[in-house]
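This report is a first walk through one protein chain, moving from its overall build to a few single residues. Please look at the sequence and the structure before reading on.

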Amino acid sequence: MMDKRTLGGDGLQVSALGLGCMSMSGVYGNGDEQESMAVINRALDLGMNFLDTADMYGLGGNEELVGRAIKGRRDEVVLATKFGVKRDGNTRTIENSPEYIRAACDASLRRLGIDHIDLYYMHRRNPDVPIDESVGAMAELVSQGKVRHLGLSEVRAETLRQAAAVHPIAALQSEYSLFTRGLESEILPAARELGIGLVAYSPISRGLLSAAMPRAEELPAEDFRRHMPRTTGEDAEHNRALAAGVKKIADAAGVTAAQISLAWLLAQGADIVPIPGTKRLKYLEENAAAADIALTPEQAGALTAAVPLEAVRGDRYPSMHEVER
């Protein structure tokens with residue numbers, strides 16, 4: 001069984017690696033519901049009990065899928081979901097008002113078919129809504145028993161401090177990998193100062209660090225990586241060369257590039273929990289095995305040297321205005 005790690009100061013224990021479920025609902029091309037449900041159940045069998053979804057994934061469909069998959073196994077699961085990204089047709093807005101938070105939580109509980117959410121995140125922040133109002137509404141959900149622990153996603157250090165002054169924050173979810181290390185200067189130190197764990201999403205940089213991701217033009221039409229700056233054009237070719245350096249170190253260690261990338265993240269601190277996403281059993285089992293890899297200091301140093309700070313080219317999203325930095 002997989003080792004556990006603790007997020008925050010209130011004792012939220014989760015598996016050292018979690019499972020990101022977003023890709024099961026069309027973001028990286030069409031999914032297969034039966035295989036996705038098999039992936040979730042196999043993750044639980046392996047002790048990977050920390051499942052991550054959001055109300056925006058598949059316009060609520062991902063929460064429904066996760067809810068069906070864990071039916072009968074709820075007691076084995078630490079379930080995280082998120083609110084804050086609101087879609088109305090082709091319009092996308094960030095909504096953090098207390099009224100919306102209360103309604104979003106109730107809707108997520110219905111879709112998931114559960115009576116409480118273990119970790120409830122603000123997915124993105126609208127700076128027009130004071131953070132104390134939003135976190136105050138989230139804290140009410142805790143007092144009502146609908147939510148056990150609170151989290152934020154992609155916020156700066158100042159916002160994290162303001163939120164923690166209102167209610168204990170168990171986790172900050174932000175993109176973190178060998179390819180994305182900007183949070184190491186201020187955000188990660190602030191989280192540690194406040195006793196907040198870091199949940200690292202896109203720990204394999206949306207497949208780039210696997211050294212096996214097809215080129216953008218070879219991806220399915222509905223795969224959003226066709227439009228990501230890091231995975232298209234000249235930036236993608238530069239980043240592929242960096243990933244090749246990671247693969248060379250992985251080959252020498254007898255593991256895959258994805259596994260060594262996850263092992264590097266796990267080695268950055270016991271308060272860090274990567275949540276690699278997959279909809280395939282093969283990749284789930286490959287990722288889970290990374291929890292057993294103990295890097296030597298020489299290997300860790302070689303990986304950091306292979307991808308120097310600021311070496312990766314291209315923004316993480318086509319538009320970065322929703323991400324606080």
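The chain holds 10 helices and 12 strands, where helices (H or I, at least four residues) and strands (E, at least two) are DSSP runs numbered from the N terminus. Its radius of gyration is 19 Å, close to the 20 Å that the globule rule gives for 325 residues, so the chain is as compact as a globular protein of that length; the radius is taken over C-alpha atoms, and the rule is 2.2 Å times the number of residues to the power 0.38. This is a predicted model, in which local features need pLDDT of at least 70 and side-chain atom pairs count only at pLDDT 80 or more, while totals for chains, interfaces and linings use all residues. Residues are numbered from 1 along each chain as its sequence is written, and side-chain values use heavy atoms, with hydrogens and water left out.

**The chain as a whole**

Along its principal axes, the C-alpha trace spans about 50 × 40 × 40 Å. Of the 325 residues, 56% count as buried, a term that stands for under 20% relative accessible area, with exposed meaning over 50% and partly exposed lying in between (1.4 Å probe, protein chains only). Among the contacts with a separation of 6 or more, 76% come from residues 24 or more positions apart, a contact being heavy atoms within 4.5 Å. The accessible surface of the chain comes to about 13400 Å², and 48% of it belongs to carbon and sulfur atoms; such areas come from the Shrake-Rupley method with a 1.4 Å probe.

**Single residues in loops**

Arg206 lies in the loop between β11 (197–201) and α7 (233–253). Its relative accessibility is 11%, so Arg206 counts as buried, and its side chain is joined to that of Glu175 by a polar contact of 3.3 Å. A polar contact is a pair of N or O atoms within 3.5 Å; within protein, one must be able to donate a hydrogen and the other to accept it, and residues adjacent in sequence count only if both atoms are side-chain atoms.

Two residues other than glycine have a positive phi, as the table sets out.

| Residue | Phi | Loop | Relative accessibility |
|---|---|---|---|
| Leu59 | near 50° | between β4 (50–52) and α2 (61–70) | 66%, exposed |
| Ser205 | near 55° | between β11 and α7 | 4%, buried |

Ser205 thus has its place in the loop between β11 and α7, where Arg206 is also found.
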